[in-house]
Structure formats: structure tokens, C-alpha cells
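Please work through the following exercises on charged side chains with the sequence and the model side by side. Each task is followed by a solution that goes step by step.

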Amino acid sequence: MKKIEAIIKPFKLEDVKDALIAIDISGMTITEVRGYGRQQGHTELYRGAEYVVDFLPKVKLEIIVGESQLDDAIAAITGAAKTGKIGDGKIFVSSVEKTIRIRTGEEDEDAV
């Protein structure tokens, strides 16, 4: 099993969720986060004063998938989250050794 963590723009969340549901991935965890990458934040003007916004709002999406769904999930996230502009985000993939559904005791892919 694999854990996919995707950092995306907040307004793309619904598109990504719909793309994942379309390939039968329904379980996900969403966290509102703030950060920056190469874009290094940006400068805004408020009441005549200029200030720097270092950390931009993002959404972190976490899902667990079987090996057979990994490539489809990455393609769905990439396709739905891409705007072609700086700050579209990143996808991180890591291995998951064990998953247990607390309610039933199911394990691994049965628990996902």
C-alpha cells in the first residue's frame, strides 16, 4: 500500500475530490495548511501599505491506495489540480506498512 500526500491550491480541492471519486477512491483526509515553495510568497498592498505574505494557503490531501491504484490516483490528482501556473503543488508518495480499521479489525487493503 502507498500513502499519497498532495499539496494543492484550495480552489482545486473539489476538482481533485471528484477526479478521485471517479476512479473509486473515496477515503481521504484534508488539512488546511500554509506554505511556500519556489514562489516564495508574494507582496500585497493593503490601505496603502505593502506587506509580504510569506506563507500561502494550501490544502494537504492524504489518501492510502493499493499498488494497483497508485498510478491512476497520481494521474487524477495531477490532472485535476494543474493550472499550469507556479504554486500548483506537489505530490509525495510513501510506503504504508500496515492499516487497521478500528471498528472491524480489518487490515491492510481490506481496511482502506
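The exercises below concern salt bridges in this predicted model.

**Exercise 1.** Determine which residue forms a salt bridge with Lys 3, and where in the chain the two partners lie.

*Solution.* Begin with the general principle that side chains of opposite charge can pair when their charged atoms come close. The partner of Lys 3 is Glu 62, and the closest N and O atoms of this pair are 3.0 Å apart, which satisfies the cut-off of 4 Å for a salt bridge. Next, place both residues: Lys 3 belongs to strand β1 (residues 2–8) and Glu 62 to strand β5 (residues 56–65), so that the pair, 59 residues apart, links distant parts of the chain. Finally, consider the surroundings of Lys 3, which counts as partly exposed because its relative accessibility is 24%. A search of the whole structure finds nine salt bridges, and the pair of Lys 3 and Glu 62 is a salt bridge.

**Exercise 2.** Describe the salt bridge between Asp 88 and Lys 9, and decide whether each partner is buried or exposed.

*Solution.* First, the side chains of Asp 88 and Lys 9 meet with an N to O distance of 3.7 Å. Asp 88 lies in the loop between α2 (70–81) and β6 (89–95), whereas Lys 9 lies in the loop between β1 and α1 (13–22), and the two residues are 79 residues apart. Second, compare each accessibility with the limit, since buried means under 20% relative accessible area. Asp 88 is buried because its value is 16%, and Lys 9 is buried because its value is 15%.

**Exercise 3.** Work out what else the side chain of Asp 88 reaches, and which residues Asp 88 touches.

*Solution.* Starting with the backbone, the side chain of Asp 88 reaches the backbone nitrogen of Gly 84 at 2.9 Å. Then list the contacts, not counting residues up to four places away in sequence: Asp 88 touches Ile 7, Ile 8, Lys 9, Ala 81, Lys 82 and Thr 83. Among these residues is Lys 9, with which Asp 88 also forms the salt bridge of the previous exercise.

**Exercise 4.** Identify which residues are linked with Lys 98 in a network of salt bridges.

*Solution.* Take the pair of Glu 107 and Lys 98, whose closest N and O atoms are 2.6 Å apart in a salt bridge. Extending the view, Lys 98, Glu 107 and Asp 108 are linked in a network of salt bridges. As for accessibility, Glu 107 is partly exposed at 39%, and Lys 98 is likewise partly exposed, with a relative accessible area of 46%.

Definitions and conventions:
Residues are numbered from 1 along each chain as its sequence is written. This is a predicted model: local features need pLDDT of at least 70, side-chain atom pairs count only at pLDDT 80 or more; totals for chains, interfaces and linings use all residues. Side-chain values use heavy atoms; hydrogens and water are left out. Helices (H or I, at least four residues) and strands (E, at least two) are DSSP runs, numbered from the N terminus. Buried means under 20% relative accessible area, exposed over 50%, partly exposed in between (1.4 Å probe, protein chains only). A polar contact is a pair of N or O atoms within 3.5 Å; within protein, one must be able to donate a hydrogen and the other to accept it, and residues adjacent in sequence count only if both atoms are side-chain atoms. Contact means heavy atoms within 4.5 Å.
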